[in-house]
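Biologist: I should like to learn how cysteine pairing is read from a model. Could we proceed from the general idea to the case at hand?

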Amino acid sequence: MSDLKASVDATIRRFDNALNASGFETMSHGDNPKDWQWQGNLPGSSEAVTVKLPEGFPFMPPRVTLPKRDTGNSWHAESDGALCLWDSHASGSLPWLDHKQLLERTQEWVTNEDEGWVKDSPDLDLERYYSSWIDVDGKVPLLVVSDWDKIAERWFMLRGDISGRIEPEGRPRTSYMVLRSKNRTHIQRFMVGRALNLGELAGPRVTREELLQRLGTSRTGDARELLHKRQLVVVARYTRQGLPAYVSFVLSSTQSGVDGIFVIPTAESRPEVLTLRGGNNQDILSKKRVAVVGVGAVGSFLVDQLARSGVGHLHLVDYAKLRPGNVIRHLSGQQLVGASKTDAVIARITGDRCGGPEFSTAPFTTTVDDTQSLLTEYDLVINATGDRLTQQLLQFSAEILGKTFLQVCVEGHGQFARVDVCPPLDGAPPLTSDGLLPVDLTLREGGCGDPISPTPPSVCIEAACMGARHAIGLLTARPLHPAGERRPMGPT
Amino acid sequence: MAVLTEQFDDALTAIEPDADATNAKKAHEQVRDALKADPSFSQWGLESILIGSYMRHVSIKRVKDVDVFCKLLKLPSSYNPVELLQHTQRVLDKAFPPRNGQPRTEIQGRSVKVEFPEYDELHVDAVPARPADAVWEIPCKNPGDGWDQTNPEHFSILSSLRNDEFGTIYVPVVKLVRQTRRALLGLAKPGGLFVEVAAYHAFDAHPRPGGAGAYTSTAAYYANTLRVMADAIRNHANGTQPLENPAMPGQELRVRATDEEWANITTKWEEASSKAMAALASQQDCPAAKTFRELLGQDSLGSWVFPLPSGCNPDGTNRAVVVMPGADRLPSKESPTFG
């Protein structure tokens, strides 16, 4: 037997010992964790408890059920009655391995259930309460709603793609009959959907009968009659404590799935949702204009980070074209080879996600007029060229105009990533340049005047991210450091 | 507490009679058929049943002897025990003639022993009995002394009731107790019936299932039964509180053993019960398992009855890592992390 298995067995024995000491009886046991089951009562109570282990124990919580209670439609129990005792964040410290915590938590659950969960924060993932999820060739698709108002209480076609994304397509109609007549050539080949607003839900489980009743009859299309001929996807909007969320159900004439319905996980793609994870500075950054000079190995990733963080306007300055050999150390992919680096970066960012910043471009920054424009018209200028001549020009102009800009680059062909605040704030001394070792440059590519720098892609990305953090610090008036940051990246 | 659920289950499997049980049944049937074929036994209304540890389902491997209780419902009162035993032996001698020049039958005390070498040295003790009101009479250990009263079915009924009362844990615990006696005393007396009776009475002291302080594991029942038995054995041995014969309420249990044998079992049982209780209370599985292993000893083939858990070394030290609650071993400790 492997040491890993022996350790899992030892952990189960410890758990068994502890539950027995708490008055629980071991009802079954075996070689696999899921063979183990206990029964007992909560301490000082007649509330019966059953504890079973999942196969992933001890790194998955035990399944605790209350055999004398109906937890069928609780927001805090799985479809099989297992109590939801810990969320993913609390699970990190494996609290269930302390049997006292397990029993206390179960008691808390009982108390909260009896009191109606007054301090509940709403989970908005209704699909996890259902055990029957639709799958296509073994993969669970995701239904994406981009504009609920467009489809609400209407009928529409649904199209899927190979990645498993399904979304409403075409013009939604007020009745199934109209949808069918307008889509005669496609209707048999595509899924039909209907959007329903379920409102504030009292419990997590919606039944097939409830959905059919809501779908109704007469002019809007008799759902029961429709189901004799084909499946129907119901895209539902619901709220919990006023917060909206979505789930989709697949209904068919056969009573398959659990309770006759399958579930498709559903997500929104409206702009507000797309930027939810962009960080806490979006309100401020959305009003900022930033110029990035050089959108190559460092600059392309830097621009991407600033766009993701919510900067309102990005002005990109670069004259070069994207060559095949650039791609390994660039934000853009092979399909954009041949475009200018500025266009390639914009295409990559705007093609990847909806919304995002406004963009403008320019090919060069070579004169003091160019730099004066940048430094006065933009809230921040970032030199990501790695070109010392460009740095000289910007530094000269910034000192005279009394402006601050950032230099973001890689030093020593990958030995250091550095961000310089130019000039340093509050008279702080600038960063040093010590510790650099000489590097032999031996790689060349036809069409490139300079030898190829051996800087690893990861160092470019790290420099870009450092640059983005410092840029955001300056833009939100909370500079991270008056002079910047210089971080060793290891030997090249 | 170290309950070692799987290991106690495996130990019970290790001492389960299995093939012995099948052979015992076959041997009984042969003896029964042989006696029934005799006109006298047929006339006397013979009904035979298996009694003893086998009937009460508390036999452990290896089953070497089986008791067949031959109820003679219409035995004439003129028959004395000596004559009855001699007649029984004659009938069985005919059915089971000598093999390799060695007789297969022998009168031993109150029964006739029949050897079954084909069943791995099993022998059957056929005990003739006559009705005596609500109980039965069997030859005394010295048949010349007349009849003794007994009621073996009654103990079997009591055992079954005890087993039902305690959620079927009683029978397995008695098997473990009998195995413990074998490990501690070997062939020395007192034998398995004595400890079984002591265990039966010990269960009177146990909390009932579902009640306050009820035991929840085989380990807890086993250790606490040994504990209660230690006092009972001492008191029976020194005569201060002899055990009652469950087969004959009001009758003291009579067991053959010398003073030295009584002293031996008293001392060893007290040691065993202390060790068992300490192992039960232990927070360390491996040393506890080593203790239970030593208490339950080895089977006839020299294999340990009680297995050590995987992750335990033979010396009782632990080599398995137990996963503990908490986040101390994580680099970020309790801090929320995101990826």
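**Reading the cysteines**

Modeller: We may begin with burial. This is a predicted model, and in it B:Cys286 has a relative accessible area of 3%, so this residue is buried, the cut-off being under 20%.

Biologist: Which residue is joined to B:Cys286 by a disulfide?

Modeller: In general, a disulfide is assigned when two cysteine sulfur atoms lie within 2.5 Å. Here the partner is B:Cys312, with an S to S distance of 2.0 Å. The two cysteines are 26 residues apart and link distant parts of the chain: B:Cys286 belongs to helix α11 (residues 285-296) of chain B, while B:Cys312 lies in the segment after α11. B:Cys312 is also buried, at 6% relative accessibility.

Biologist: Is the disulfide of B:Cys286 and B:Cys312 left-handed or right-handed?

Modeller: One reads the torsion about the S-S bond. For B:Cys286 and B:Cys312 it is about -80 degrees, and the disulfide is therefore left-handed.

Biologist: How many disulfides does a search of the whole structure find?

Modeller: Over all chains, the search finds one.

Biologist: Why is A:Cys422 without a bond to the closest cysteine sulfur?

Modeller: The same distance cut-off of 2.5 Å applies. The closest cysteine sulfur to that of A:Cys422 belongs to A:Cys409 and is 9.1 Å away, which is too far for a bond. A:Cys422 itself is buried, with 6% relative accessibility.

Biologist: What is the situation of A:Cys460?

Modeller: A:Cys460 takes part in no disulfide; its nearest cysteine sulfur, in A:Cys409, is 11 Å away. With a relative accessibility of 2%, A:Cys460 counts as buried.

Methods:
Residues are numbered from 1 along each chain as its sequence is written. Chains are lettered from A and ligands numbered from 1 in the order in which they are written. This is a predicted model: local features need pLDDT of at least 70, side-chain atom pairs count only at pLDDT 80 or more; totals for chains, interfaces and linings use all residues. Side-chain values use heavy atoms; hydrogens and water are left out. Helices (H or I, at least four residues) and strands (E, at least two) are DSSP runs, numbered from the N terminus. Buried means under 20% relative accessible area, exposed over 50%, partly exposed in between (1.4 Å probe, protein chains only).
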